[in-house]
Amino acid sequence: MAVIRLLISLLLICGAAAQAAILPQDRADLMYHSYQGGGVSIDGPAVMLRKKAGQSVSVSAYYYVDTVSGASVDVQATASAYSETRQEKRLGVDYLAGNSILSANYAQSDEDDYNAKSISFAISHDTFGGMTTLSLEAGLGDDEVGRNGDDSFSESVKRYNYKLGWTQVLSSSWIAALNMQVDLDEGFLNNPYRSVRYRDVADPRGYAYQREVYPDTRNAFALSLVNKVYLPYRAALSVNLRHYQDSWDIRALDAEVEYVHPLTQQWTLEGKLRWYSQGQADFYRDLFDFASQQNFMARDKELSEFNNLTLGIGASYALPVWGFWPEATPELTLQWDHIRFNYKNFRNVTVTDAEAGLEPLYRLDANVIRAFFSLYF
């Protein structure tokens with residue numbers, strides 16, 4: 001099973017048996033995912049294939065489809081329900097050179113009103129007998145933003161990201177990683193459909209709407225600490241912490257605990273608990289005092305102050321080996337996450353019998369399901 005193989009690999013590394021970097025294992029994956037929450041439905045399939053070409057090269061391909069439908073609370077307030085499809089394609093290659101792996105990846109995402117292309121390059125290097133791994137990655141993205149029903153609207157976004165990682169084997173059963181990421185975005189960074197609301201006594205609701213206006217740059221920094229511990233009874237425990245901050249004055253912290261427990265040679269169960277909390281952007285308000293009150297104005301609930309709690313469970317089952325392909329190892333995995341979002345200063349404007357600015361705070365519950373068929377060979 002995938003989890004057991006991961007734990008075995010961890011022990012081999014901890015025992016200094018691996019003196020050089022290794023390419024990822026050959027595998028093929030089929031996935032179906034579904035998100036339901038807040039009046040929005042997102043689902044679709046994905047397929048991924050990774051295969052070595054000789055002893056030094058591994059190539060990968062990935063195809064992903066999202067079908068989005070419904071109407072979030074933002075849309076319900078200012079527009080009608082919608083439906084759209086997004087397709088994402090990725091190609092990657094890894095090259096093994098001694099104790100180092102050099103990687104290059106290309107990704108493209110297409111939908112009716114948004115097209116994104118990105119390319120990234122990375123290098124990871126094992127040292128001290130495989131006890132320490134250092135990694136560095138740089139990426140560039142080029143996005144085109146449109147607006148359905150308005151052929152004259154066209155904007156662009158440039159994205160730059162840099163990642164630095166340090167993974168360290170601390171003992172025969174404990175491995176830790178420290179990861180840092182810097183994102184630099186510039187261009188049209190807001191949603192072309194979303195609006196802010198401001199007080200207007202002439203409107204029967206007590207407020208009116210105007211377009212959001214965002215800064216044209218955003219710089220973000222994230223630092224994460226990952227700890228994975230192999231327990232004596234073949235189980236594994238992960239404890240992860242992550243801090244985020246950006247130039248829009250958002251500060252966020254999330255903590256996650258994950259536990260993986262093999263029941264038999266075929267069955268493995270896993271569970272996780274994740275807590276996320278963030279502060280608001282400095283130009284966010286649920287209700288502005290008047291039109292064009294600030295140079296920058298936002299009412300996107302994802303820029304508000306909120307927290308969420310995720311409870312996840314999953315199960316994997318190792319299928320019997322196929323007689324016609326004994327080298328292949330098939331596996332089925334099913335995962336379910338329940339997420340509760342609590343918004344601290346974003347109000348539910350669909351409640352029409354409340355005074356403007358005193359509507360109940362918005363809250364939503366979401367369910368995420370992922371089903372995998374994986375084949376290792």
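Among contacts (heavy atoms within 4.5 Å) between residues at least 6 apart in the sequence of the protein chain, 59% join residues at least 24 apart. The structure is a predicted model, in which local features need pLDDT of at least 70 and side-chain atom pairs count only at pLDDT 80 or more, whereas totals for chains, interfaces and linings use all residues. Residues are numbered from 1 along each chain as its sequence is written, and side-chain values use heavy atoms, with hydrogens and water left out.

The protein chain contains two helices and 18 strands; these are DSSP runs numbered from the N terminus, with helices (H or I) of at least four residues and strands (E) of at least two. The C-alpha trace spans about 75 × 40 × 40 Å along its principal axes. The radius of gyration, taken over C-alpha atoms, is 23 Å, which agrees with the value near 21 Å for a compact globule of 377 residues; the globule rule is 2.2 Å times the number of residues to the power 0.38. The accessible surface (Shrake-Rupley method, 1.4 Å probe) comes to about 19,600 Å², and 60% of this belongs to carbon and sulfur atoms. Of the 377 residues, 40% count as buried, where buried means under 20% relative accessible area, exposed over 50%, and partly exposed in between (1.4 Å probe, protein chains only).

Positive side chains number 33 and negative ones 46, and the centres of the two sets lie 4 Å apart. In this count Lys and Arg are positive and Asp and Glu negative, while His and the chain ends are not counted; the place of a charge is NZ of Lys, CZ of Arg, CG of Asp or CD of Glu. A salt bridge is defined as a side-chain nitrogen of Lys or Arg within 4 Å of a carboxyl oxygen of Asp or Glu, and the count by this rule comes to 27.

One of these pairs joins D254 to R274, with the closest N and O atoms 3.8 Å apart. The pair links distant parts of the chain, D254 lying in strand β14 (residues 251–262) and R274 in strand β15, 20 residues apart. D254 counts as buried at 9% relative accessibility, and R274 as partly exposed at 24%. R340 and D365 also meet in a salt bridge, at 2.8 Å from N to O. R340 belongs to strand β17 and D365 to strand β18, so this pair ties together parts that are 25 residues apart in sequence. Both partners are partly exposed, R340 at 35% and D365 at 28% relative accessibility. Elsewhere, D66, R86, E88 and R90 are joined into one network by salt bridges that share partners. Within this group, E88 pairs with R90 at 2.5 Å between the closest N and O atoms; E88 is buried at 10% relative accessibility.

E270, in strand β15 (residues 267–278), is buried yet has no salt bridge, and the nearest side chain of opposite charge, R370, is 6.8 Å away. Leaving aside neighbours within four places in sequence, the contacts of E270 are E258, Y259, V260, G312, I313, G314 and Q335.

Most residues other than glycine have a negative phi. F128, not a glycine, has a positive phi of about 50°; this residue lies in the loop between β6 (114–127) and β7 (132–147) and is exposed, with a relative accessible area of 64%. S292, likewise not a glycine, has a positive phi of about 50°.
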